[in-house]
Amino acid sequence: MTEQEMLYIRLQNQKATVGEFTKPEELLGWLGGMQAQDYTSCKWAVGLRTPGATDEMVEQSIADRKIIRSWLMRGTLHLATAKDIRWMLDLLAPRLIRAGAGRHRELELDEKTFSKSHKILQAALLNGKELSRKELRTLFEKNGIRTTGQRLPHLLQRAALEKLICFGVRKNKEFTFVLMDEFVPRTKPKTTDEALAELAKRYFSSRGPATLQDFVWWSGLKTTEARTGLEAVKSLLQQQTINGKTYFFSQQLVPNVKLKPATFLLPAFDEYVIAYRDRRALLDPVNSEQVISKNGIFYPVMVENGQVIGTWKRTFKKDQVVIEFNPFNRIDPTTKDEFVASAEEFAKFTGNRSVIQFI
């Protein structure tokens, strides 16, 4: 297998080239989770992999409580299915809480403060109430809990990691928080070994070919934990060595791989870029700083035949979305037309007219 073949298989396994699922929650179940810091971007990440999906359809899946947004892998915001969110938090949250202890001390957030904030949240959100971040800030301040600086995000994140709250439905474009026990149906818990195996299966099936260290990076697990999960499902996977590294991937999706021209407009923080520790095969290190900022922001990217060849930007204006392309190098007219078509698909997804600009 060449690196080029590996990249195309990744696109295929991530469902960027194969429209297998018709519902957002089906796609999220396959992926096991999707990065969701930038809300508009994560909806497009779902939409481009779900034929016929619209922005409203993804929003409705959240309103119908089929998709949940909360803090998961690496302590960052993700989308996951309602069926998966609890066992994932059981597996990942304890380590994230321990890892955050030092930052909590800096913010003067001790266990007594967290306990008090949890009680406030429990009482305020009981019986299906949905409150915005602004409303919760006011509530905490009234009850003697400071929310200055980064204290409020950490108060909310800790409550989410302990499965007390999660994001609810947006109201007037404002995010709300709800009690998880009222919003997300109870599911059967998994043992630690079961959860490690399941997470490894989801990752290598949906993002392979990938290495053990890629899985460690994406999941936030310790290497020993990640290896335990991989060993449990290794019999279901194939493996190949490419440039001295061992890659694991699903057996079913590899035979007769055919390379073909493929262009994509991937959103900020897309799994195709962020899900791997080693990105050299898809992104020339010379261009890395244009794609990933020094503080860890992953910008929207133009992808051709598996390679990141530029960035793009979208700006919403009334019923229009202005899309600016910034390729690293000159692109030919045919490729340009393909990216214009992709931009029009994005505009259609959002329900807007597109205005295309090349820089």
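This report walks through the fold, a well-covered helix, the salt bridges and a few single residues of one chain.

What you have here is a predicted model, in which local features need pLDDT of at least 70, side-chain atom pairs count only at pLDDT 80 or more, and totals for chains, interfaces and linings use all residues. Residues are numbered from 1 along each chain as its sequence is written, and side-chain values use heavy atoms, with hydrogens and water left out.

## The chain overall

Let's start with the big picture. The chain has 16 helices and 13 strands; these are DSSP runs, with helices being H or I of at least four residues and strands E of at least two, numbered from the N terminus. A compact globule of 359 residues would have a radius of gyration near 21 Å, and the chain agrees, because its own value is 21 Å. That radius is taken over C-alpha atoms, and the globule rule is 2.2 Å times the number of residues to the power 0.38. Along the principal axes, the C-alpha atoms fill a box of roughly 60 × 50 × 35 Å.

Of the 359 residues, 53% count as buried. Buried means under 20% relative accessible area, exposed means over 50%, and partly exposed is in between (1.4 Å probe, protein chains only). The accessible surface comes to about 16,800 Å², with 49% of it belonging to carbon and sulfur atoms; such areas come from the Shrake-Rupley method with a 1.4 Å probe. As for contacts (heavy atoms within 4.5 Å), residues 24 or more positions apart account for 65% of those with a separation of 6 or more.

## Helix α3 and the loop after it

Helix α3 (residues 39-47) is mostly covered, with 8 of its 9 residues buried. Among them are Y39, C42, K43 and W44. At the N-terminal end, D38 acts as the cap: one of its side-chain oxygens lies 3.3 Å from the backbone nitrogen of T40. That fits the rule for a polar contact, which is a pair of N or O atoms within 3.5 Å; within protein, one must be able to donate a hydrogen and the other to accept it, and residues adjacent in sequence count only if both atoms are side-chain atoms.

Move on to the loop between α3 and α4 (55-63) and you find G52. G52 is exposed, at 64% relative accessible area. Its C-alpha atom is separated by 9.5 Å from that of G19, a residue 33 places away along the chain.

## Salt bridges

The chain's count comes to 22 salt bridges, each being a side-chain nitrogen of Lys or Arg within 4 Å of a carboxyl oxygen of Asp or Glu. Here are three of them.

| Pair | Closest N to O distance |
|---|---|
| E20 and K15 | 2.5 Å |
| R86 and D181 | 3.2 Å |
| E111 and R158 | 2.8 Å |

In the E20 pair, K15 counts as buried at 3% relative accessibility, whereas E20 is partly exposed at 47%.

R86 and D181 form a salt bridge. This pair links distant parts of the chain, with R86 in helix α5 (residues 85-99) and D181 in helix α10 (residues 180-183), 95 residues apart. R86 is buried, at 5% relative accessibility, while D181 is partly exposed, at 46%.

E111 and R158 meet in another salt bridge. E111 lies in helix α7 (residues 111-125) and R158 in helix α9, so the two tie together parts that are 47 residues apart in sequence. R158 counts as buried, with 6% relative accessibility. Elsewhere, salt bridges that share partners join K43, D55, E59 and R170 into one network.

## R151: charged, buried, unpaired

Helix α9 (residues 151-161) also holds R151. R151 is buried yet has no salt bridge, and the nearest side chain of opposite charge, E108, is 4.9 Å away. For charge, Lys and Arg count as positive and Asp and Glu as negative, while His and the chain ends are not counted. The side chain of R151 does reach the backbone oxygen of L107, at 2.6 Å. Leaving aside neighbours within four places in sequence, R151 is in contact with L107, E108, L109, T113, I145 and R146.

## T76 between two strands

Last stop: T76, in the loop between β2 (67-71) and β3 (77-81). T76 counts as buried, at 17% relative accessibility. A polar atom of the T76 side chain lies 2.7 Å from the backbone oxygen of M73. Not counting residues up to four places away in sequence, T76 touches Q35, Q37, S70 and W71.
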